[in-house]
Amino acid sequence: MEDEAEIFEGLRSQFPLSFGKQSKSETPLELIHNATRRATAAAVNSDKPSASTSSDRANAFPSLSSSSKGWLDSLKNSNPRNPKKKAKEDELIGPPRRPVSSEEDGPAIIGPPRPPPGSGVVDEDDELVIGPPRPPPGGGGEDDDEPMVGPPRPPPGRDGEDDDDGPVIGPPRPPPGHMESDSDEDMDEEDEDSGYRIPLSNEIVLKGHTKVVSALAVDHSGSRVLSGSYDYTVRMYDFQGMNSRLQSFRQLEPFEGHQIRGLSWSPTSDRFLCVTGSAQAKIYDRDGLTLGEFVKGDMYIRDLKNTKGHISGLTCGEWHPKAKETILTSSEDGSLRIWDVNDFKSQKQVIKPKLSRPGRVPVTTCTWDREGKRIAGGIGDGSIQVWNIKAGWGSRPDIYVANGHTDDITGLKFSSDGLTLLSRSFDGSLKVWDLRQMKEALHVFDDLPNHYAQTNIAFSPDEQLFLTGTSVERENTTGGLLCIYDRAKLELVSRVGISPTFSVVQCAWHPKLNQIFATVGDRHEGGTHILYDPTISERGALVCVARAPRKQSVDDFRAQPVIHNPHALPLFRDQPSRKRQREKILKDPLKSHKPELPMDGPGHGGRVGSTKGSLLTQYLLKQGGLIKETWMEEDPREAILKYADVAAKDPKFIAPAYAQTQPEPVFEKSDEEDEEK
């Protein structure tokens, strides 16, 4: 063993210490973000005339100001190692020295050099000159005796109207003609562009689902993302733990065979609510462990207020924005329920919406307002109903809009100020409502196809914009879009093409990350698109995109797993079909215990034919005369009557029982005798 160790050490010494070790990625962030840049943004940038490296960098990052450029140029010019400058041994760094002859004329000069002799500046005294040089003659004009505060004045002759005697305070005025070239319209456009800082330059996709992603939830800190799909699973993503492969760290299946219809984080982000197509919602902790499941109601009770829970599939659910113990759910049974997460056995409140016709109409969506003091519900008949949570409140809505939409409502959203309500529907429209006047909608945005019951609306962090997704139609060539609107002007700001073949269902704009999330998919694939901008977005996608996956080292050791035949162990072995086994047993006369069939004609194989008996013993007894079969030749009536005299003389059973009560037997008269009479 010692010899092998010495040989290994000898071989290891021939390699450098860094051999096989993982080195940090030296790829600049600029190249990483350029790899995730959206195709639309790249196409726009390619139209620009400048195609150099500096222009690409300018497209990826914000341009420098004129003052910053001047500072960089001065820094480059003062750098002695700059290859553009000629290398000289006698190159001077810093201000030029003073001529030797001038040192003998007067005292030493401390600070920057004096102005050249021809500038006209004459030192009247022989005192030391300390500080920067005086301004050139004529720059101050007649104001040399007065104090100058701030940067120097502009050169003379530019602004003739500004020759006043007062001191100049503040930065210099812009050059003449600058304000004349910029019109008021250009200034307004700049103000609008500065107000719409939408992170759309880069994009990444969180994949893993096999069907459309119908639910999305990002925690309040922006570190974890939940995505639920029609493939019955929930995937959990962690930005801090992900690398550039963008893989989920956990996958859940809350209820087998039921679609995921809603996900919502608690206010403290330590738990989340999962709503599926079943009648029972589930609560999970932050790591995906089940904490509880709400009870299902009795489907045979007609009054929904007397049931302990929902009796039909859930449609939507949302956690209270302030209270971490309260959640809200809606269901196809036509009710909304408020639950306490500490009691999974019964709900706190049952809300039955107002219906235009008797019966059960499903509640398709529900939501809280920002303070948790109001509840809005979208009803299957197209109505929008709002309840104010107050003392003694009931199922009667405070706001009722009978014909809010012509089809099922898929999403509702309150503004933070509590004045605006947004609604999204299957009828392909998005409506903006003023909660103070709900008779008519403020504005209706049409031509927004919607084929999914989970399509929602989201506000921007400052709530100046709101956005929603569109579905892909068969006749139309347009893919899934993310439409962004201005809340104040009620007009379209931008259309963002998310996917050419997938529909956009859920969307969110996270306030802390400043990143836009959009879920897409169809019947075969689904994913979550994250739009961001390296210059204005924070953390989130920026963290995981720049983290390269670890490379394997020569020193890594991994135990080779033992490969078992999947059908070798009884635990994993499929049970064989019993049909063939039963057929095989039926064919075997011994195992099936099948009786022997009687033989026709003469016997064979040791068996006697049916004419002389089926068994050999019966045949021998019959031949010997021990068995006499007389019943085939005797009349059955005569065989019975021959015992009549014996029974009358010596009765044993029936006659002694009736000897005292009925000594004379009474027989029933025959029906035939009555008919003859």
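**Two antiparallel arrangements in a predicted model**

Four strands make up an open sheet in the order E10-E11-E12-E13, and their pairing is antiparallel. The model described here is a predicted one. At the edges of the sheet stand strand E10 (314–319) and strand E13 (349–351); each has a single partner strand, so one side of each is left without a neighbour in the sheet. On average, and with direction ignored, neighbouring strands of this sheet are turned by 20 degrees against each other.

Within the sheet, strand E11 covers residues 326–331 and strand E12 covers residues 336–340. Five bridges connect E11 and E12 in the antiparallel sense. A helpful place to look along this pairing is leucine 328, which has isoleucine 338 of E12 opposite.

Further along the chain, strand E27 (residues 515–521) offers a second region of interest. Strand E27 is mostly covered, with seven of its seven residues buried. The cover extends to both faces of E27. On one side, Gln515, Phe517, Thr519 and Gly521 are all buried, and on the other side Ile516, Ala518 and Val520 are buried as well.

Strand E27 pairs with strand E26 (residues 503–510) through six bridges, in the antiparallel sense. In this pairing, tryptophan 509 has isoleucine 516 of E27 as its bridge partner, and Ile516 is among the buried residues of the strand. E26 and E27 form a hairpin with four residues between them. In the turn of this hairpin, asparagine 514 has a positive phi of about 55 degrees.

Strand E27 is also joined to strand E28 (residues 526–532), again by six bridges and with the two strands running antiparallel. Here phenylalanine 517 has isoleucine 530 in E28 as its bridge partner, and Phe517 is another of the buried residues of E27. E27 and E28 likewise form a hairpin, with four residues between them.

Turning to the protein as a whole, its secondary structure comes to 16 helices and 28 strands. Of the 677 residues in the protein, 34% are buried. Considering contacts between residues at least 6 apart in sequence, 48% join residues at least 24 apart. The protein exposes about 44900 Å², and 52% of this area is supplied by carbon and sulfur atoms.

Conventions
Residues numbered from 1 in each chain as written. Predicted model: local features only at pLDDT ≥ 70, side-chain atom pairs only at ≥ 80, totals over all residues. Heavy atoms only, no water. Buried < 20%, exposed > 50% of the residue type's maximum accessible area, 1.4 Å probe, protein only. Pairing = 2+ DSSP bridges. Contact = heavy atoms within 4.5 Å. Areas by Shrake-Rupley, 256 points an atom, 1.4 Å probe, with all protein chains shown as cover. Axes fitted to C-alpha atoms, helices over the stretch in contact; angles between N-to-C directions.
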